[in-house]
Amino acid sequence: MEVDSQKQPQRKQSSYLSLDENFEIQKEVYRGQQYSQIYFARLHMMRTLLYSLVPNWKSHLPVCTVLGLEEGKECIIVGTLYKHMKLKPCILDEYSKERSVTPLVKPHNFMHQDDYLVLEDESGRVKLGGTMLSPSVYVTGVVVALHGKETTAGDFFVEDVLEAGLPPQIERLLKSREDKYVVFVSGLSIGSSCSNPLQFQLLVDHITGHLGDEEEQGLAAEIVRLVIAGNSVEISRGLLNGQNLASKDQSRLSEPIKELDILLTQIAASLPLDIMPGSSDPANFSLPQQPLNRCLFPGSATYNTFRSCNNPHCFELDNIRFLGTSGQNIDDLAKYSEAENKLDILERTLRWRHLAPTAPNTLGCYPFTDRDPFLIDSCPHVYFVGNQEKYETRMLEGLEGQLVRLICIPRFCETGVAVMVSIKHLSPS
């Protein structure tokens with residue numbers, strides 16, 4: 001029986017541009033360098049930006065260094081925030097004889113009412129006072145400009161705060177009026193106890209157009225890319241004990257990756273896909289995580305539609321810029337600050353123009369010497385974060401007309417939820 005090819009929906013295409021080169025570790029050589037250099041690079045870049053914003057903010061005030069502060073004299077200082085946290089975990093506590101006296105801390109948040117902020121630059125550091133700068137909102141590593149004056153106690157009383165704000169955004173140029181979609185999924189956790197193979201197979205069948213009626217298949221044909229935002233597999237920690245593995249344990253170790261490859265092969269045969277590493281994947285621990293080795297995917301890697309990407313991951317589809325992570329940066333910020341929801345934290349990182357301000361203080365990152373790859377110099381149209389507790393989204397509008405779709409992608413193994421985003425309208429479903 002012949003099938004009428006005219007009735008078969010044809011998958012739509014889109015232009016793709018990878019912008020991950022900033023997150024690649026290629027010519028970097030580790031020579032025992034410390035993390036001070038990445039802080040210097042961050043302060044230098046952000047201070048230059050903030051200096052350019054000060055004339056439009058408070059041009060009548062002089063700009064001083066911490067060392068140049070004078071008691072009672074109003075001025076502006078620019079530097080990096082450091083948050084002194086009473087409950088912040090310390091590796092030395094494990095060796096303390098009095099560790100039993102240490103108060104028990106909730107594992108999800110280390111905030112305390114006695115926390116306070118300090119601002120430092122190359123010349124020195126000063127404790128910050130006043131109510132304008134809340135320790136519950138800001139974290140170590142954020143660069144800001146502060147208006148205030150030094151008190152008799154030697155503190156700097158903050159009267160106003162200037163953040164970098166949302167960066168400039170490239171103009172949205174829609175090449176055609178037809179709608180196209182990108183599907184985001186994260187936290188597949190293949191190999192874990194909560195993973196449901198049937199659930200992911202249903203998703204694969206749906207986006208490849210093997211499920212539903214003509215209308216459903218027509219919608220599936222409008223999906224131009226799938227992005228897997230980390231934590232695709234979960235390998236049993238009991239197997240990774242430093243001992244030689246028996247042959248049966250070796251197969252248990254590789255089984256989740258083989259199962260993932262089988263499913264990805266079905267997807268890659270139908271549409272382009274990007275896979276990002278996450279905290280539970282076989283990749284380097286520190287950010288930026290490098291792409292998962294293609295030899296892990298002997299089936300799907302043979303397709304030119306398969307792309308193993310960095311975490312963080314930045315790309316453009318039809319001149320629409322996407323930027324996102326597998327969740328480590330936002331999860332770490334949630335431990336050391338307070339917010340009503342994760343979307344507020346996403347918004348803060350954009351206003352601070354930094355993907356991971358807590359790196360390298362509490363979040364592992366590579367010790368770069370001459371740059372900070374996590375600085376956001378161009379505002380994305382879609383900003384996503386994977387492996388969250390629940391699905392959340394909202395549209396953020398900047399002062400210069402920037403429009404950013406913020407998306408929290410839930411863990412698929414727990415919720416069975418994937419997110420489909422319209423490139424034309426930036427609306428998720």
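What follows is a chat about a predicted protein model.

Biologist: Before we dig in, what kind of model is this, and how are residues numbered?
Modeller: The model is predicted, so local features need pLDDT of at least 70 and side-chain atom pairs count only at pLDDT 80 or more, while totals for chains, interfaces and linings use all residues. Residues are numbered from 1 along each chain as its sequence is written, and side-chain values use heavy atoms, with hydrogens and water left out.

Biologist: Cool. How many helices and strands are there?
Modeller: The protein has 7 helices and 17 strands. Those are DSSP runs numbered from the N terminus: helices are H or I with at least four residues, strands are E with at least two.

Biologist: And how compact is the protein?
Modeller: Its radius of gyration is 24 Å, close to the 22 Å from the globule rule for 429 residues, so the protein is as compact as a globular protein of that length. The radius is taken over C-alpha atoms, and the rule is 2.2 Å times the number of residues to the power 0.38.

Biologist: What box do the C-alpha atoms fill?
Modeller: Roughly 90 × 55 × 40 Å, taken along the principal axes.

Biologist: What share of the residues is buried?
Modeller: Buried residues make up 49% of the 429. Buried means under 20% relative accessible area, exposed is over 50%, and partly exposed is in between, using a 1.4 Å probe and protein chains only.

Biologist: Now contacts. What share joins residues far along the sequence?
Modeller: Take contacts between residues at least 6 apart in sequence: 75% of them join residues at least 24 apart. A contact here means heavy atoms within 4.5 Å.

Biologist: Let's go inside. How many residues are in the largest nonpolar core?
Modeller: There are 55 residues in the largest nonpolar core. Such a core is a set of buried Ala, Val, Leu, Ile, Met, Phe, Trp, Tyr and Cys residues joined through side-chain atoms within 4.5 Å. Among the residues with the most contacts inside it are Ile77, Phe156 and Tyr383.

Biologist: Which element gives that core its largest share?
Modeller: That's α6, with 5 residues.

Biologist: What else is there in the way of cores?
Modeller: Another core lies apart from that one and has 28 residues, including Leu188, Val204, Ile223 and Leu271.

Biologist: Back to Tyr383. What does tyrosine 383 touch?
Modeller: Leaving out residues up to four places away in sequence, its contacts include Leu323, Asn329, Ile330, Leu346 and Leu406.

Biologist: Asn329 and Ile330 are in α5, right? Why is helix α5 called largely enclosed?
Modeller: Yes, both are among the buried residues of α5. Helix α5 covers residues 328-336, and 7 of its 9 residues are buried, so the rest of the structure largely encloses it.

Biologist: Which elements do those buried residues pack against?
Modeller: They pack against β3 (75-84), β13 (320-325), α6 (342-352) and β14 (382-388).

Biologist: New topic: valine 227. Where is it found?
Modeller: Valine 227 sits in strand β9, residues 223-229. It counts as buried because its relative accessibility is 0%. Leaving out residues up to four places away in sequence, valine 227 touches Val182, Phe184, Met276 and Phe384, among others.

Biologist: How far is it from leucine 253?
Modeller: Valine 227 and leucine 253 are 26 residues apart in sequence and 25 Å apart in space, C-alpha to C-alpha.

Biologist: And what about alanine 268 and tyrosine 303?
Modeller: Those two are 35 residues apart in sequence and 6.3 Å apart in space, C-alpha to C-alpha. Alanine 268 is in helix α4, residues 247-268. Its relative accessibility is 2%, so alanine 268 counts as buried.

Biologist: Last bit, the backbone. Which peptide bonds are cis?
Modeller: One runs from asparagine 311 to proline 312, with omega near 10°. Proline 312 is in the loop between β11 (306-308) and β12 (313-317). Another joins alanine 359 and proline 360, with omega about 5°, and proline 360 lies in the loop between α6 and β14.

Biologist: What is phi for serine 189?
Modeller: It is near 50°, a positive value in a residue other than glycine. Serine 189 lies in the loop between β8 (181-185) and α2 (197-207).

Biologist: And asparagine 387: buried or exposed?
Modeller: Asparagine 387 is buried, with a relative accessible area of 2%. It lies in strand β14 and has a positive phi of about 60° although it is not a glycine.
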